[in-house]
Amino acid sequence: IIYEDVAGNLWFGLSSSSTPERLSRFDGSQWDIFGVNDGLPNGIVQAISEDSSGNLWVGTTEGLAIYDGSTWQVVTALDVLVGNNVQAIMRDSEGTMWVGTASGISLFDHGRWSHLTRANGLASNNIQALFETRNGEIWVGTRDNGVNFSDRSWKSLTTDNGLSGDSVTAMLTDRGGGLWVGTTHGLSRYT
């Protein structure tokens with residue numbers, strides 16, 4: 001995972017358990033390394049994003065860590081998350097933080113947490129990619145059942161609808177407004 005924050009720092013998170021310190025920050029001249037002893041739940045970093053206040057949100061296999069620039073706050077399923085295995089994080093255009101886990105999505109909006117799961121219309125609880133299009137549609141990539149998208153109601157696309165694979169790993173829109181969906185079995189473009 002590579003992420004550039006609003007201050008221009010580059011963050012590098014590795015999804016390997018080979019060493020305990022797995023999150024690095026490069027400010028252009030100096031490296032800082034963060035690990036469990038600094039406040040991360042573990043060293044297996046799977047997702048990085050930033051909230052509207054500039055706090056860094058780091059997803060690991062054992063929970064979420066929020067960094068305010070000096071201290072880390074750990075958030076887990078024992079607190080408010082729907083699951084500990086955080087695989088995707090996104091801030092939408094309205095400032096809501098979306099935390100995709102292997103157990104569903106936890107949403108943080110104006111100081112309150114809520115959850116989305118299969119019971120709310122998701123195709124799967126195992127979320128590994130999140131994306132918002134220019135027109136505000138939220139796309140949710142699952143590990144095992146394609147993508148969901150919302151224009152205020154959840155709809156699904158799978159291999160049955162032409163998606164190259166049901167394990168979605170990444171999404172991005174092009175200049176023409178087409179959505180590219182990366183899967184473990186290839187690439188699809190949705191228009």
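Which residues does Gln128 touch, not counting residues up to four places away in sequence? In this predicted model, the list comprises Gln87, Ala88, Gly141, Thr142, Arg143, Ser167, Val168 and Thr169. Gln128 itself belongs to strand E13, which covers residues 127-132.

Two of these neighbours also take part in polar contacts with Gln128. The side chain of Gln128 pairs with the side chain of Arg143 at 3.1 Å, and a second polar contact, of 3.2 Å, links the Gln128 side chain to that of Ser167. The relative accessible area of Gln128 is 12%; because this value is under the 20% cut-off, Gln128 counts as buried.

A look at the surface brings in another residue, Trp180. This tryptophan sits in strand E18, made up of residues 179-183. With a relative accessible area of 34%, Trp180 is partly exposed, since that class lies between the 20% and 50% limits. Trp180 joins Leu172 and Leu187 in a nonpolar patch on the surface. Together, Leu172, Trp180 and Leu187 offer about 320 Å² of accessible area.

How confident is the predictor, and where is its confidence lowest and highest? The mean pLDDT over the chain is 91, and 95% of the residues reach at least 70. The lowest confidence in the chain falls in strand E15 (residues 147-150), with a mean of 81, while the highest is found in strand E10 (residues 97-101), at 98. As a friendly reminder for reading any such model, predicted coordinates should not be read in detail where pLDDT is low.

Definitions and conventions: Residues are numbered from 1 along each chain as its sequence is written. This is a predicted model: local features need pLDDT of at least 70, side-chain atom pairs count only at pLDDT 80 or more; totals for chains, interfaces and linings use all residues. Side-chain values use heavy atoms; hydrogens and water are left out. Patches are made of residues with over 30% relative accessible area and no salt bridge: like charges are joined within 9 Å, nonpolar side chains (Val, Leu, Ile, Met, Phe, Trp, Tyr) within 5 Å. Accessible areas come from the Shrake-Rupley method with a 1.4 Å probe; for residues, only the protein chains shown count as cover. A salt bridge is a side-chain nitrogen of Lys or Arg within 4 Å of a carboxyl oxygen of Asp or Glu. Helices (H or I, at least four residues) and strands (E, at least two) are DSSP runs, numbered from the N terminus. Buried means under 20% relative accessible area, exposed over 50%, partly exposed in between (1.4 Å probe, protein chains only). A polar contact is a pair of N or O atoms within 3.5 Å; within protein, one must be able to donate a hydrogen and the other to accept it, and residues adjacent in sequence count only if both atoms are side-chain atoms. Contact means heavy atoms within 4.5 Å. pLDDT is the predictor's confidence in each residue, from 0 to 100.
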